[in-house]
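Trainee: I am new to this model and would like a close look at one part of it. Please start there, then connect that part to the rest.

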Amino acid sequence: MKMLQLMEKLPPERFGLFMESPIWRDAAEKGLLWQDAMVDPVAVKEAARRMSSYAQQSLRAMLRQFGAEPAAEDRLLQALRERTSMAGAECRIGLRQLESAGILFAVRKMWGELLYFIPVDSFLPWQQALFPCRLEEKNGIVNPITDASGAFVGVMEPFGRRKLYALAALLKTDASFTAKGVLPKKTIQKLDAALRFQESKLRAFPINWAHSEHYSAAVALFLSASGAAGFLRKEEGRLLPDEAPLQDWLALPDEQRERGLLQWLLLYLLRASGREAHIAGALLSAGKEKWYSIQDAESLCAPLVGSNGSLQADQTLTINRRLMRWIDLFHELGWMELAELQEGRERWMVFRWRSFPAEMRTDGLIVQPNGEIITPPDCGHAVRWELETIAERQTDQEPVMYRITSASIAAALEQGRSRDRIVRFLKQAGGGEALPSPVEAMLMEWTRKACRFAFDQVSLLRCDSVEMAEHALQLPELAPLLLQRLGDKDFIVDSRAISDIRSMLQKSGYPPRKAIGTSAEGAAPPYPEISVPQPVRDLKDTDSDAVASRFFSLKDDGGSWLYEPSSLHHFELVAEEQAARPVELLPGIESVPSAWWRQLRSYHASTRKELMQQAVMLETAVQLRVNGELLSFVPEQVEQRGNEWAVTGRLIAGEMPERSRLTPDMWEEMKLLLPEGITT
Amino acid sequence: MNPDGTMIVQADLTVLLDEKHPASTEAREQLLAFAEATKRAGSMHTYRITPMTLWQALGAGWSGEDVIAFLKKNARYSLPLQAEASVRIWSSRYGKLRLAAEGDALLLCGDPDTLQSIQDKDFIRGWVVSIRTESEWEIRPDCRGSLKLELARLGYPVMDHAGYHAGEALQVQLREQTRSGAVFSLRDYQKQAVEQFTKDGTAQGGSGVVVLPCGTGKTIVGVAALASIGAATLILTSSRTSAQQWRDELLDKTTLSEAEVGLYSGRSKEVKPVTIATYQLLTYRKSKLDDFKHMGLFNERDWGLIIYDEVHLLPAPVFRMTATIQATRRLGLTATLVREDGCAEDVYSLIGPKQYDMHWKRAEEGSYIASVSCAEIRVPLPASHEHTYTSASARAKLRIAAENPNKLPVVRHLLQKHKGKPALVIGQYLKQLKEAASELDAPLLTGETPHEERLRLYDAFRSGIHPVLVVSKVANLAIDLPDAALAIQLSGSFGSRQEEAQRVGRLLRPKPGSNEAWFYTLVTEGTKETEFALKRQMFMLEQGYGYTQLEAPAEDENEFAKEAISG
């Protein structure tokens, strides 16, 4: 579940209560709200430091075992037992503290089983706070990698850019659904061509999507991302653009757009990746524009991703493959660059996160007299959007080159552009410089004949007599809707105004015939006109982050193209219960002699057994003096074999507990260890 | 981002040089050492760095790291990794392999690792006579060209130091006074080009390409190279007229006699110490199954030098033939190495490296070529023709537009405006040209005009007896009209970009006085002709020639011509 989905389910007063937890003291002092603190890396890091050992161990163990996936209560407790030195009661305290601070939540499944989860958008801040990954920058001679044929593999165009190309292609073609409820095959082919994804890089992840027999993973990803950003919606049997959000999205700086898309995609992938989510966390902890060794990343990920934390040879191979799956995907989406780095005699495969322009220009186009248009790397998307409709893209390397051709101009006219508008756009996007006269001549030539005639689907208001036509003209609110009179008895009217006209005529006492002829139904909406450069300035003046978050915070899942993994929002959130639900700790402690936890003593074997049984019941640990050394032991079961008994549990020696079976002769002294902060 | 960067470097080593940048001149001079200009449209000119252009720079003393440092310093955006790596890889291969001669034996010598890496290539195995040592292989001498070509394609340049055979000696010198009486000497850049080519007769010289803009005297460079080497020479040109022109230049500017210079043509197949032939004739055969019967010309005499004029037009069979005559000195001459078939790299492998390249801008700055102003004038169709035009078939429409009678008054205006300047009126349709010639009282030159008559008309034109010539498509060929300062295109081919380029090229030779020339193309407003005119102009735009758009004036108006000139 994501933060926004969670916020919808929680009563707002709970947000404030979460912030009262001592864990959030630093964030609260800064005036942060819970929903902001949860996704703020600094606030999360500070909160991690303020957590009790129980809370921190619990969260670490949970994230370590399950990544960003939800965990059933019994599996979670088992993981805590296996991965921490805490006794059961301590685990419960830890979990309770996390719930009180609004870090951990639970939903109740149909049969009452509890599923614990942290909001998926807060996974990465917590992952990076609790498992800091210290990758060290590499320096040396950097060479590009090569593919199987020996050709250099360069950087890919960023996903945001390719999404723009696909969207432009979609809106210039048939975006209506077929009888099967999918886009036409030709349209899908155009989208795939615009996206140019290596499908295998996406399919390496366990993602599922609707109509997978028709859509490639890339197309599903594109449709989902566009739906999530709110500028593409399913309506009237087709996909329709929403111009206002589209305009805002196009106005975003590249850096923000790509970051947002990365975060959006991670929301899907993290929930479907289990422990491998740590790989994403480790990679994302690397700084931008610096080279890091893939081998180093692998070593750092191995203990987090491997089952027992050891780095064995065969496991390394698996981890390498798992790591490369993420790296390949980030590279494919144009966010990461791969290379080989030579440092002395050593060679390393390295990666770096790319940075993108944080400020965009809307006036940097270079229009050449031969019709070529050079777009600098910091050219705003609004400008690229328009270029997609008036020109043909020639290259996909920076700077991207376009060329206006007779065909591209004819297509632009089809999309409702005019010569004046094209000239105005090119001038404006070219920094106000006059267009080269050959370009003016080309535009003049190519716009001279095309689209001088057009077909328009309008409606005809037919009156059965001249008298009725005059009646219609005399209705003051109706008259402006009668676009043109044809002959004595008919009027051309806008199809979209039919229902208004109908009600006006009805009110005037002449209800029109119910059946109507052809209308504009089925006509494609025109390619949206994006104003340049207004949006960028608007955003800078206000708060572009706020706009960006609207696209990528993802309250909804983008028109249900990609299926949400581990979906929880259909289940009942147990947060309400949480507020009132006290943690039942140490049941029956009142009947236990206080000496049993106050001091170490050497007890008789039968008392030792009794003490151990009590510890199992209370879910606490015991402290044992073994060969003069004090050790903690979390007993789980007391076994009786004839006259002999033994206790199995976890011996805490070092960081990781060790499963042990102890007989009473193995320790000298003992006492119960109650969780810290428990007073009796 | 480096806002002071003069250029944008792309991953594939395409370089866009910002000509508006104040430091672009300096950057261009250096860039040309290892890159080749491909387009000169607008403010961003396009260059390309290829293995060949880079290797040539390395041969001239650059290092790969110098090139990378230069690109990094001047790049506006960061240098793509692939670009940097390509330069490193290509330069690391330079000089690793070389061809040497040992008596009659041809040796491929060099780095053992490199030799080992090419050993398993099928084509190599067939050419190796023996592997003498791990760093020295003996190669079949007849495979010298093919070996260089294939290894260059694989990314391994071979430095050919195997030298040349001398060929049949020829006593020839440049004249200080031409046969027609004018003082003659080589221009500095022509002298440099010849020196670069011959390299004092060492094995490092003797083959290669000289790139000079149209109108800067490429023929003279060829003539001087011939005189410098002093050996029997085969000259291959792109047309018969051009062959004639070569003959005239040789006789005019060298001590060669008519008996020593032969034209190998359909009519007379003279094989003399200096023989001039056309590519068309060499590649002529009756059918695809027949041999090229004239290709034997390469072996009919012991040539010491072969000159390939307009080397960018070199046809494939001549390419193949050239691969087999690598022991003969070879000079390629061209204005551009951009080949439609993308085989520029092969030219370098088989003819030789680029030895000299002068940028068009430098030529204009040095007044080695004239400054040409181009203008398109839109001429309306007479009202009486409009209906005929609308109802005509597509093909007939083009002809109606081309023969628009309103064009003639405009021609008259232009001739009046540029009175005294030698002018050509060029057209596509004979009927129109005849009318124009009659109206303008100017001689008409067509493909049917006998050769002798044509030469007579040229002379009359040069001497000013006829300041205006009306010419048909023949003007498209390589005729030499040195003092034409004005060309008016009444009608052109539908979209042949070469045609327009050649017509403008006629005007490029330096002019006395202001060194200016004018090219006007007349197109009929509102017809298909404007569309075709646009296509023709595209090539010129990419070569750096902008067109001014002008409306046709009223009959008694002359002012527009002034605009064209200033524009």
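Trainee: Into which domains is chain B divided, and what residue range does each one cover?

Mentor: Keep in mind that this is a predicted model. Chain B is split into four parts: domain 1 (7–93), domain 2 (108–160), domain 3 (188–365) and domain 4 (371–566).

Take domain 2 of chain B and its link to domain 3 of chain B. The C-alpha centres of domain 2 and domain 3 of chain B are 28 Å apart. Contacts do join them: 7 residues of domain 2 of chain B touch 8 residues of domain 3 of chain B. On the domain 2 side of that contact, 2 residues are nonpolar, 2 are polar and 3 are charged.

Now look at the packing inside. The largest nonpolar core holds 303 residues. Those with the most contacts inside this core come from chain A and chain B: A:Cys301, A:Val622, B:Val15, B:Val425, B:Val470, B:Ile488 and B:Leu507. Its largest share is 10 residues from helix α13 (residues 217–229) of chain A. There is also a second, separate core, with 14 residues. Among its members are B:Leu97, B:Leu115, B:Trp137 and B:Leu151.

Go back to B:Val470, one of the residues with the most contacts inside the largest core. Leave out residues up to four places away in sequence, and B:Val470 touches B:Val425, B:Leu433, B:Ala436, B:Ala437, B:Leu440, B:Ala442, B:Pro443, B:Leu444 and B:Leu445. One of these partners, B:Val425, is also on the list of residues with the most contacts in the core.

Next, step across to chain A. Here 22 residues of chain A are in contact with 25 residues of chain B. Three elements of chain A give two or more residues each to this side: β4 (141–146), β12 (372–375) and α22 (437–447). The most come from α22(A), with 5 residues. By class, this side of chain A has 13 nonpolar, 6 polar and 3 charged residues.

Chain A has its own division. Its domains are domain 1 (3–130), domain 2 (149–263 + 279–298 + 315–353), domain 3 (366–447), domain 4 (460–507) and domain 5 (589–673). The C-alpha centres of domain 1 and domain 3 of chain A are separated by 52 Å. An unreviewed UniProt entry labels residues 365–486 of chain A "domain: Helicase XPB/Ssl2 N-terminal". That stretch is 41% helix and 17% strand, with 47 Å between its end C-alpha atoms.

What about A:Val622, another residue with the most contacts in the largest core? Its bridge partner in β20(A) is A:Phe633. The strands involved are β19(A) and β20 (residues 629–641) of chain A, which run antiparallel and share 5 bridges. Their hairpin has 2 residues between the strands, and A:Asn627 takes a positive phi near 50° there. Strand β19 (residues 621–626) of chain A also pairs with β23 (residues 669–673) of chain A, antiparallel over 5 bridges. In that pairing, A:Arg625 has A:Glu669 as its bridge partner in β23(A).

Finish with chain A as a whole. It has 29 helices and 23 strands. Of its 680 residues, 41% are buried. Count contacts in chain A between residues at least 6 apart in sequence, and 66% of them join residues at least 24 apart.

Technical notes: Residues are numbered from 1 along each chain as its sequence is written. Chains are lettered from A and ligands numbered from 1 in the order in which they are written. This is a predicted model: local features need pLDDT of at least 70, side-chain atom pairs count only at pLDDT 80 or more; totals for chains, interfaces and linings use all residues. A nonpolar core is a set of buried Ala, Val, Leu, Ile, Met, Phe, Trp, Tyr and Cys residues joined through C-beta atoms within 7 Å. A residue is buried if 20 or more other C-beta atoms lie within 10 Å of its own, exposed if 12 or fewer, and partly exposed in between; C-beta atoms are placed from the backbone. Helices (H or I, at least four residues) and strands (E, at least two) are DSSP runs, numbered from the N terminus. Two residues are in contact if their C-beta atoms, placed from the backbone, lie within 7 Å. Domain bounds come from an automatic or database domain assignment. Ala, Val, Leu, Ile, Met, Phe, Trp, Tyr, Cys and Pro count as nonpolar, Asp, Glu, Lys and Arg as charged, and the others, Gly among them, as polar. Two strands pair if DSSP finds at least two bridges between them. UniProt positions are given in the numbering used here, feature names are shortened, and annotations may be inferred rather than shown by experiment.
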